[in-house]
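Q: Take a close look at the aromatic side chains in this one for me. Start with the rings, then work outward to whatever packs around them.

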Amino acid sequence: MRKPVEHLVYPDNLPFEKEDMQNVYASYEKEKEKRAYIEFDDFLNMANEIFDTDPETAKLYRNLSQYVLVDEFQDISLSQSLLLKKINTENTMIVGDPLQAIYGFRGGNNSYILNFDEEYQNVRVINLNINYRCSRDIVTTANRLALSIPDSKHKNYVESIADKGHYKLPELWHFSDDYEEGIWIAGKSRN
């Protein structure tokens, strides 16, 4: 059972007018229903609706797992956040990097990871910010670039620390097209 368009939650940063978005959504939902299609967000919304309307089922799933681990938490959406709170609010461990959020186009919102300690009780934040892969030069450059990202100013954001020593400074190259870039990469890989 899908919610009528006027009852849907819309984010503040809609690319079009709300009425236009409602029309697009209604057309899309009609087409899915005609073809008997269900997508990932439908599963999330259905699960949320079941947990909201059937307390016994919600209790069953809450008691199913004592601990919940969510990876890539910086990319969860509102429906995923709501579902997680219905499943477990006491023994939830999350992993993620708020500056690596890439799924905003499908509703992902890194504010859930940045504000996790405000949404859940008895939170302990453990920063796993040691970079074991990159040289100190790369990590220092990345930290400097991150300073221009507003979320790097959040109280729960911490800079990365390099485990490796210096190697060489990162290079920035500009190419006129993919072919020129490919030639450059091929030449570098021969050296």
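**Aromatic rings and their surroundings**

A: Trp173 is partly exposed, because its relative accessible area of 46% falls between the cut-offs of 20% and 50%. Trp184 lands in that class too: at 27% relative accessibility, Trp184 counts as partly exposed. Keep in mind that all of this comes from a predicted model.

Scan the whole structure for aromatic pairs and you get six. Take Phe116 and Tyr120: their ring centres sit 4.3 Å apart and the planes make an angle of 20°, which is under the 30-degree limit, so this pair is stacked. Both of these residues are buried. Then there's the pair formed by Trp173 and Trp184, which is tilted, with 5.1 Å from centre to centre and 40° between the planes. That pair ties together distant parts of the chain, 11 residues apart: Trp173 lies in the loop between β4 (161-162) and α8 (178-190), while Trp184 belongs to helix α8 itself.

Back to the stacked rings. Phe116 and Tyr120 don't stand alone, as ring pairs join them with Phe73 into a cluster. That trio is also part of the largest nonpolar core, which has 10 residues: Phe73, Phe116 and Tyr120 plus Val68, Val70, Ile76, Leu84, Tyr112, Ile113 and Leu114. Two elements, β1 (68-70) and α5 (111-114), supply two or more residues each, and α5 is the top contributor with three. The general background here is that nonpolar side chains in soluble globular proteins tend to be buried together.

Val68 is a good place to step further out. Leaving aside residues up to four places away in sequence, Val68 touches Leu84, Ile87, Asn88, Asn91, Thr92 and Met93. Ile87 is one to follow, since it also turns up on the α4 side of the contact between α2 and α4. Those two helices, α2 (residues 40-53) and α4 (residues 78-87), pack at about 40° with their axes 9 Å apart, and the crossing is left-handed. On the α2 side, the contact uses Phe40, Leu44, Asn45, Ala47, Asn48, Phe51 and Asp52. Facing them from α4 are Ser79, Gln80, Leu82, Leu83, Lys86 and Ile87. By class, the residues of this contact split into seven nonpolar, four polar and two charged.

Conventions. Residues are numbered from 1 along each chain as its sequence is written. This is a predicted model: local features need pLDDT of at least 70, side-chain atom pairs count only at pLDDT 80 or more; totals for chains, interfaces and linings use all residues. Side-chain values use heavy atoms; hydrogens and water are left out. A nonpolar core is a set of buried Ala, Val, Leu, Ile, Met, Phe, Trp, Tyr and Cys residues joined through side-chain atoms within 4.5 Å. Buried means under 20% relative accessible area, exposed over 50%, partly exposed in between (1.4 Å probe, protein chains only). Helices (H or I, at least four residues) and strands (E, at least two) are DSSP runs, numbered from the N terminus. Contact means heavy atoms within 4.5 Å. Rings of Phe, Tyr and Trp (its six-membered ring) pair if their centres lie within 6.5 Å; planes under 30 degrees apart count as stacked, over 60 as edge-to-face and the rest as tilted. Axes are lines fitted to C-alpha atoms, for helices over the stretch in contact, and angles run from 0 to 180 degrees between N-to-C directions. A crossing is left-handed if the near helix is turned anticlockwise from the far one by less than a right angle, and right-handed if clockwise. Ala, Val, Leu, Ile, Met, Phe, Trp, Tyr, Cys and Pro count as nonpolar, Asp, Glu, Lys and Arg as charged, and the others, Gly among them, as polar.
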